[in-house]
Amino acid sequence: MFDQTIDPIDSCGCGDTGYLTTRTVPIDLAHGVGRIDKVPVYHCRSTDCQEFTLPPLVSRRLEDIAEEMEKVQSTEAVYTWESHQTQSPEPLQRTNDQIHLQAFTLQFGGREYADAHVVLIVPGQAIFFQSALEDTEYYLLLYEANTRIEGIWFSFLKFYYEEPEFTYEDFLEWSEDGHLKELGRIPLDEVEDTLIGEFGEC
Ligand SMILES: [Zn+2]
């Protein structure tokens, strides 16, 4: 279902709890120091703290981006999960959508609603929620990559997961058997209202 995964919470560089957010990160290149915008990082949310840490998947991806930057002798780039060489009829539009989607999903890190909270984010692809009323009840907001309708759309799904701890790897295996119930499809600009309607105010 997905090709990337990142936990929503890890450590900030200062040792405090770090929450997923995005920031501009400097990068050493063969032709000088460059910068990459909108890189997913863990940060403690303290305005005084300049530290951060990179999720392992992101570190690996930064190496690829650095290589691409060296190839075209550029010193500025915007973080994306996919290589720009990916075959696509509208490469620029796709890249813009990807950046928009990543930023959109990452802003849900640590989000709490009256009746549910975010347990996991797969940047640019999915947000998992656990019900506050019933431990085994989960919801999934899943980016629909293959709609023929214009714009960015998500499926909103519900499932019951009995394991004591929700882990992404288990979920992937488990969900292959089709335990997910689709509640509806939502365009990006209606996601916030739908979540508040379903779970209550943050
Ligand atoms: Zn910190």
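## Lys38, a positive phi in a strand

Lys38 sits in strand E3. This is a predicted model, and in it the phi of Lys38 comes out near 60°, a positive value for a residue that isn't glycine. For background, most residues other than glycine have a negative phi. Is Lys38 buried, exposed or partly exposed? Partly exposed, because 17 other C-beta atoms lie within 10 Å, while a buried residue would need 20 or more and an exposed one 12 or fewer.

## Gln73, just past H1

Gln73 also has a positive phi, about 55°, and it is not a glycine either. You'll find Gln73 in the loop between H1 and E4, where it follows H1. With 11 other C-beta atoms within 10 Å, Gln73 is exposed.

## Helix H1 and its two sides

Helix H1 covers residues 56-71, which makes 16 residues. From first C-alpha to last, H1 reaches 23 Å, close to the 22 Å expected at 1.5 Å a residue.

Which residues of H1 are buried? They are Val58, Arg61, Ile65 and Met69. These four cover an arc of only 90° around the axis, so they end up on the same side of H1. The general logic is familiar: an α-helix has 3.6 residues a turn, so residues three or four places apart point the same way.

On the other side of H1, the exposed residues are Pro56, Ser59, Arg60, Glu63, Asp64, Glu67 and Lys71. As for what the buried residues of H1 pack against, the partners are E2, strand E3 (32-43) and strand E4 (76-78).

## Two domains and where they touch

The protein splits into domain 1 (9-79) and domain 2 (105-199). Their C-alpha centres are 26 Å apart. How many residues of each domain are in contact with the other? Six from domain 1 and five from domain 2.

On the domain 1 side of that contact, strand E2 (residues 17-29) brings the largest share, with four residues. By type, the domain 1 side has four nonpolar residues, two polar ones and no charged ones.

## The largest nonpolar core

The largest nonpolar core has 30 residues. The members that touch the most other members are Ile121, Ala126, Ile127, Phe128, Phe129 and Leu140. At least two residues apiece come from E3, H1, strand E5 (116-122), strand E6 (126-131), strand E7 (137-143) and helix H4 (191-199). Which element gives the most? That's E7, with six residues.

Where does this core lie relative to the domains? Domain 1 and domain 2 both give residues to the core, so it lies between them. As a general backdrop, nonpolar side chains in soluble globular proteins tend to be buried together.

## Phe128 and Tyr138 up close

Leaving out residues up to four places away in sequence, Phe128 touches Val118, Val119, Leu120, Tyr138 and Leu140. Tyr138 belongs to strand E7, and it counts as buried because it has 21 C-beta neighbours inside 10 Å.

With the same sequence neighbours left out, the contacts of Tyr138 are Phe128, Phe129, Gln130, Ser131, Phe159, Tyr161 and Phe166. Tyr161 is 23 residues away from Tyr138 along the chain, yet the C-alpha atoms of Tyr138 and Tyr161 are separated by 7.0 Å.

Conventions
Residues numbered from 1 in each chain as written. Predicted model: local features only at pLDDT ≥ 70, side-chain atom pairs only at ≥ 80, totals over all residues. Domains from an automatic or database assignment. Contact = placed C-beta atoms within 7 Å. Nonpolar A, V, L, I, M, F, W, Y, C, P; charged D, E, K, R; others polar. Expected span 1.5 Å × (residues − 1). Arc of directions from axis to C-beta. Core = buried A, V, L, I, M, F, W, Y, C linked by C-beta atoms within 7 Å.
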